[in-house]
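Colleague: I am new to this structure and would like a close look at a single part of it. Could you choose one helix and take me through its surroundings with some care?

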Amino acid sequence: MDLKDKLLTSHIAFEDHLKADSPLHDLRADALKVFEEKGFPSKKEESWKYTSLKSLLKEEYNISPRGENAIEFKDVKQYFLHNVDTYKIVFIDGVYSSYLSETTHDGIDVCLLSSALDKSKYSPVIEAYFNKAAKLEGLTQLNTAFAKEGAYIHIPKNKEVDKPIEIIYFSTGNEAAMFSQPRNLIVADENAHVQIIERHQSLSSNAVLTNAVTEIFANKRAMVDYYKIQNDALSASLVDSTFIEQQRESICSVHTFSFGGQITRNNLHFKQEGEHCDSILNGITIIGEKQHVDHNTLVHHVAENCESHQDYKGIFDGSSTGVFNGKIYVEKEAQKLDAFQQNNNILISDKATINAKPQLEIFADDVKCSHGCTIGQLDNDALFYMRSRGIGQKEARALLMYAFANNVLESVKIPELKSRINKLIADKIGVSLGFEL
């Protein structure tokens, strides 16, 4: 039995946690029908042309992990931010860990999605936002049907969260292979501010496939900074779909740092519903061996006087493959906007590959839109100059690669996180840079 049939014949999405009278019962049932019709994406679809999930779907996954495995803080402390106080929402094999979490808070909701679904006081927010932004794609709807747990964050009007929020999903790998489907819902009310860091981390060499969905809603003048740290084991793969809706004068930024994992697919979709919105999409990818990272972005401009800025850097070594498929879509009514998209890539190895497809679809006539894409190698003249000044070849190459990615790091607003990313980059390029940010 293949994975699709296994999912369709199992009834865990309805038996384990969903009552027949739940307001989401019909939503989940309809989502399962969509997945039954569309199934898993294939390379026949234009947006999946360069990414195949075939090798991943052959695994015999456990699709209902029990989450009975405990881990000690000393074994995972390296994955948390150091020297900074944070709220922590931690899941182990899909189950919330009260031992590793720290969600004490004042005036904000930082809790479990399952709790929000179960408690009537959350119903208006959940019913208003859950699955509103997510498109009718097979994998997204599969998550809607089967997601049992995740983070629910609701920041009320005029509230500025006093410290970053970390969302971490650990997979212990005690099962032979695991297929997990976490779901996050973040709602920032009018003039609310929040910083969030998300990470998925496997703790073993067993295969893990994660189909994650995050919905973010930024109301008027809200500010949301979201950071994705993707530095998982080579046996782990991730399909991460994030949907963001913005209202008037809101500012949302998503930084995606892709360093690890076997196959990583990032679907990042922004929709600007109100005037004077600002959307920031930044990413750094540094991979080697046979790793594969695919960034699929969409910024949908609906309202006037808005801005969007995309800047993605990629460094590819070994036999790795990178994909960047970025689209800016401008509605007829979205006049007087400024939309910018840039994708720059460096191929360190002759066997590395990058497939880039920047796109503009513009139906307005008073806009400023631009996109650019470059693919090249390290500058030999710059290397020669640095070597002539006594810098070793390895260090010279590392410094050039670091300088190439540095402008993305400059926009990270959490100093401790910026320092952590700096060290991850140094580790990926194989040198000690000898300085901190």
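**A close look at helix α8**

Modeller: The buried residues of helix α8 are Gly-138, Leu-139, Thr-140, Gln-141, Leu-142, Asn-143, Thr-144, Ala-145 and Phe-146, and I should say at once that they are read from a predicted model. Since buried here stands for a relative accessible area under 20%, and nine of the nine residues of α8, which runs over residues 138-146, fall in that class, the helix is largely enclosed by the rest of the structure.

One of its surroundings can be described in detail, namely helix α3, which covers residues 25-38 and whose axis comes within 8 Å of the axis of α8, the two crossing at roughly 145 degrees. This crossing of α3 and α8 is left-handed. On the α3 side, the residues that take part are Leu-27, Arg-28, Ala-31, Leu-32, Val-34, Phe-35 and Lys-38, and on the α8 side they meet Gly-138, Gln-141, Leu-142, Thr-144, Ala-145 and Phe-146. Sorted by character, the residues of this contact between α3 and α8 divide into eight nonpolar, three polar and two charged. Gly-138, Gln-141 and Thr-144 of α8 are thus both among the buried residues of the helix and among those that meet α3.

A spacing in that list is worth a remark: an α-helix has 3.6 residues a turn, so residues three or four places apart point the same way. With this in mind, you can follow Leu-27, Ala-31, Val-34 and Lys-38 along α3, each of them included in the contact with α8.

Note on methods:
Residues numbered from 1 in each chain as written. Predicted model: local features only at pLDDT ≥ 70, side-chain atom pairs only at ≥ 80, totals over all residues. Heavy atoms only, no water. Buried < 20%, exposed > 50% of the residue type's maximum accessible area, 1.4 Å probe, protein only. Helix = DSSP H or I, 4+ residues; strand = E, 2+ residues; numbered from the N terminus. Axes fitted to C-alpha atoms, helices over the stretch in contact; angles between N-to-C directions. Left-handed = near helix turned anticlockwise from the far one by under 90°. Contact = heavy atoms within 4.5 Å. Nonpolar A, V, L, I, M, F, W, Y, C, P; charged D, E, K, R; others polar.
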